[in-house]
Amino acid sequence: MARAFSPKVVTANDLLEGDVIYQTEDDRWSRELSEAELITDEAHAQVRLLDAARQANKIVGAYLADAVDGDNGPEPAHFREDFRRTGPSNYAHGKQESSSQPRA
Amino acid sequence: MYRYSEFDHDFLTERNAQFRAQVERRIDGSLTEDEFKPLRLMNGLYLQLHAYMLRVAIPYGTLNSAQMRQLALLAEKWDKGYGHFTTRQNIQYNWPKLNDVPDMLDALAEVGMHAIQTSGNTIRNVTADHFAGAAADEVADPRPYAELLRQWSTDHPEFQFMPRKFKIAITGSENDRAVIKAHDIGLQLVERDGVLGARVIVGGGLGRTPMIGKELSEFVAFDDLLAYLEATVSVWNQIGRRDNKYKARIKITVHEHGIDAIRAKVNERFLQVRPQFKGADMNLLEEIKGHFAPPAFRQASIASFESAFTNDPVFRSWVDTNIAPHKDADHAIVTISIKKHGETPGDATAEQMRVMADLAEQFAYDELRISHEQNVILPHVHKSDLPAIHAKLKEHELATANIGLISDIIACPGMDYCALATARSIPVAQEIATRFEDLKLEHDIGHLKIKISGCINACGHHHVGHIGILGLDRAGVENYQITLGGDATETAAVGDRTGPGFAYDEIVPAVERIVEAYLELRNSDEETFLETYRRVGMAPFKSALYPEAQANAA
């Protein structure tokens, strides 16, 4: 039996700002991981990644990142993604400046 | 200081205009990211975890006050008010916007600076001894030669698509402060029978396969050096491996072919290349040397220095750690610590940059240096000016007296910024510094270099730290491996791994156990950590680090 597909979100960096963005179900790019579309089907994930890749004049480097279903939307499955959705730990820069996302 | 010629100005203006157009074409969709990426990297623009990052070259680590002020302006106008000085004597801006980068590059060009070849498979910024031109122990100032290498390597048509990046470091002293044995090519200026030349080291490097460089030639006269280096890079460009990027650096080529075979190939190639160098390079070198003529060192009494040294213990402590001998006995070399306890190693605010620029202009013949250890240097200071400099530094949190001590830590940006990182390094450095500051043990411990990298690429030079720390991702959590006994100087050595790694919250206590063991083991206060390690070996440190393993074995 094939290994179970672990849920994913499509994430990238904004072309102009360079900051971390997430693809939403209604085809927007959000700065908040919690608003991302949590994808649980492998074929659908590939389709959504292709959707992202077509927006080359808006985004850079789209990829599928592992995520888990949390109380308030998707949560990171790995500490790298936790840093990406928050910002650096030495200054309250990045998303910590604009978002309510507290450092875990 | 090297002053740009009309050619340099025109070259840079044209290059910046090209990049501005490339950015516009990327934004309007005419260029894909795959097309744009190599172009932006050629101009020092990376995309990291949270934002773009612009890496600006500080050739051989030398700046004047106008350049430092311009770096401050960039930090303030287009970034978040600070810059990060790196282990390659560069400065990185962590938060630029793509739209702003062409303006940033134009602003840099106004003061003769750029970001060219700070990335990509090219010959990177040539690094040098940060005490160059000032050190009491040097044969000659290596910077004119470093500038010649910069001009030779910039846009060199043969060396734009090499197997991998290529790093050259140069020193004029036997005491190696430029880590020449951990570079693709390391040059040590030497004089033989009244002729200046260089000892050429090749095949050093850190990263996933750390290697100490080997001697390619014990002496190449300046007349032949550029041809010899061109031959060396050319041999590697031809036979270096392009099938596997992890085996592409010249250290692997040297390792696989053997230094004797490489030397034979270089000598053969040198004979072909040499006739192309008809002396224009030596004329240019003579001209460049004029740009680096030492300032007219002023004569004055040093009584005020001696009085402050006797009467002010804080000043004395700072002088004891942060001042190095200058070739002129009444002058000193000042290292300004960018490592205040608890702060990010190498980060300076725009205001601090301006303060350092002002001090350089007022007291230091308008010169500044950036060290690979992420500090800033005023290379020429008359000793009578040291009290005033110290007072000013204190006002701006720049007077930390910790050079060469346990809190003078090299740390790469790690996973707080870098897309390649596997773990954080900055907070580990911050916590180690804070911990030993709390213990008030730092001066008692003495000379001890901790170097931290957040991945195996080793930007934090962990292999050559007396204590090296490497952050890895082990099954989805940060894990830190420790090495001991590394050495970045003329007696370069790669550190030995202690054993299993430590979790994020275990790494600071682990370092503390190592240091406690050292304090117990040393045979006098004068015996440094490295000397003790070399005398007693790994075993006693291992028992201090892994008490459970000892208990289980017993």
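In this predicted model, a good place to begin is helix α2 of chain A, which spans residues 79-86 and lies across strands β2, β4 and β5 of chain A. The helix runs at about 120° to β5(A). Helix α1 of chain A, made of residues 42-53, lies across β1, β2 (20-23) and β4 of chain A, and its direction is at about 145° to that of β4(A).

The strands beneath these names belong to an open sheet of 5 strands in chain A, with antiparallel pairing and the order β3-β2-β1-β4-β5. Its edges are formed by β3 (29-30) and β5 (73-76) of chain A, each of which pairs on one side only. Within the sheet, β1 (residues 8-14) and β4 (residues 59-70) of chain A are joined in the antiparallel sense over 6 bridges. Along β1 and β4, V10(A) can be found opposite L64(A).

Turning to chain B, the domain assignment gives domain 1 (6-110), domain 2 (142-291), domain 3 (303-395) and domain 4 (410-553). The centres of domain 1 and domain 3 of chain B, taken over C-alpha atoms, are separated by 29 Å. Contact between these two domains of chain B involves 21 residues of domain 1 and 20 residues of domain 3. On the side of domain 1 of chain B that touches domain 3 of chain B, at least two residues each are supplied by β3 (62-64), α3 (65-78) and β4 (82-85) of chain B. Helix α3(B) provides the largest share of that side, with 7 residues. Sorted by class, the same side of domain 1 of chain B holds 8 nonpolar, 10 polar and 3 charged residues.

Notes. Residues are numbered from 1 along each chain as its sequence is written. Chains are lettered from A and ligands numbered from 1 in the order in which they are written. This is a predicted model: local features need pLDDT of at least 70, side-chain atom pairs count only at pLDDT 80 or more; totals for chains, interfaces and linings use all residues. Two strands pair if DSSP finds at least two bridges between them. Helices (H or I, at least four residues) and strands (E, at least two) are DSSP runs, numbered from the N terminus. Two residues are in contact if their C-beta atoms, placed from the backbone, lie within 7 Å. Axes are lines fitted to C-alpha atoms, for helices over the stretch in contact, and angles run from 0 to 180 degrees between N-to-C directions. Domain bounds come from an automatic or database domain assignment. Ala, Val, Leu, Ile, Met, Phe, Trp, Tyr, Cys and Pro count as nonpolar, Asp, Glu, Lys and Arg as charged, and the others, Gly among them, as polar.
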